[in-house]
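Biologist: Please take a close look at one helix in this model. Start with its geometry, then work outwards to whatever surrounds it.

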Amino acid sequence: MYRIAEIVSHIVVEGEPQTVYGIRIESDEGCAAVENISTQRAAVATLRRRMRAGRLSPLHLRDVVEDWLAEENG
């Protein structure tokens, strides 16, 4: 089985509540999660779709998220 899900968290930044999104992958290889990737749900959803299309291994989740964040933040 391969499943990739959105993680929704709520944090407070400078006194204001924020909703942040993360990704969790479960497969026969194991499971991994990265929380608090972005406050932009659409961006995380796009990243999640790319991961699903490539059947990303949970072993590589953190590296892919770090690369994506570096690319997004230029």
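At 1.5 Å a residue, what should the 13 residues of H1 span, and how far apart are its end C-alpha atoms?

Modeller: First, the ground rules. This is a predicted model, so local features need pLDDT of at least 70 and side-chain atom pairs count only at pLDDT 80 or more, while totals for chains, interfaces and linings use all residues. Residues are numbered from 1 along each chain as its sequence is written, and side-chain values use heavy atoms, with hydrogens and water left out.

Now the helix. H1 should span 18 Å, and its end C-alpha atoms are 18 Å apart, so the two values agree. The expected span is 1.5 Å times one less than the number of residues. Helices (H or I, at least four residues) and strands (E, at least two) are DSSP runs, numbered from the N terminus.

Next, its sides. Val44, Ala45, Leu47, Arg48 and Met51 of H1 are buried. Buried means under 20% relative accessible area, exposed means over 50%, and partly exposed lies in between (1.4 Å probe, protein chains only). These buried residues cover an arc of only 165 degrees around the axis, which puts them on the same side of H1. That arc is taken from the directions from the helix axis to the C-beta atoms. An α-helix has 3.6 residues a turn, so residues three or four places apart point the same way. The face turned away from the buried side carries Ala42, Arg50 and Ala53, which are exposed.

What does the buried side meet? Its residues pack against E1, E2, E3 and H2. Contact here means heavy atoms within 4.5 Å. H1, residues 41-53, lies across E1, E2 and E3 and runs at about 5 degrees to E2. Helix H2 (residues 61-72) also packs on the sheet; H2 touches E2 and E3, and its direction makes about 20 degrees with that of E3. Such axes are lines fitted to C-alpha atoms, for helices over the stretch in contact, with angles from 0 to 180 degrees between N-to-C directions.

The sheet itself is open, with three strands in the order E1-E2-E3 and antiparallel pairing. The edge strands are E1 (3-13) and E3, each of which pairs on one side only. On average, neighbouring strands are turned by 20 degrees against each other, direction ignored. Two strands pair if DSSP finds at least two bridges between them. E1 and E2 are linked by eleven bridges. In that pairing, Val8 stands opposite Tyr21, and Ser9 faces Val20. A hairpin with two residues between the strands connects E1 and E2, and Glu14 in the turn has a positive phi of about 50 degrees. Six bridges join E2 (residues 16-27) to E3 (residues 30-38). Among the partners there, Glu26 is matched with Cys31 in E3. This hairpin, too, runs through two residues.

Back to two buried side chains of H1. Arg48 has 18% relative accessibility and therefore counts as buried. Beyond its neighbours within four places in sequence, Arg48 is in contact with Ile4, Ala5, Glu6 and Ile23. Met51, with that same exclusion, contacts Tyr2, Ile4, Ile23, Ile25, Leu56, Leu61, Val64 and Val65.

Met51 also belongs to the largest nonpolar core, which has 15 residues. Such a core is a set of buried Ala, Val, Leu, Ile, Met, Phe, Trp, Tyr and Cys residues joined through side-chain atoms within 4.5 Å. The members that touch the most others are Ile23, Ile25, Ile37, Met51, Leu61 and Val65. E2, E3, H1 and H2 each give two or more residues to this core.

Last, the backbone. Arg55 follows H1 and has a positive phi, near 50 degrees. Arg55 sits in the loop between H1 and H2, and at 55% relative accessibility it counts as exposed. In strand E3 there is Asn36, a residue other than glycine with a positive phi, near 55 degrees. Asn36 is partly exposed, at 43% relative accessible area.
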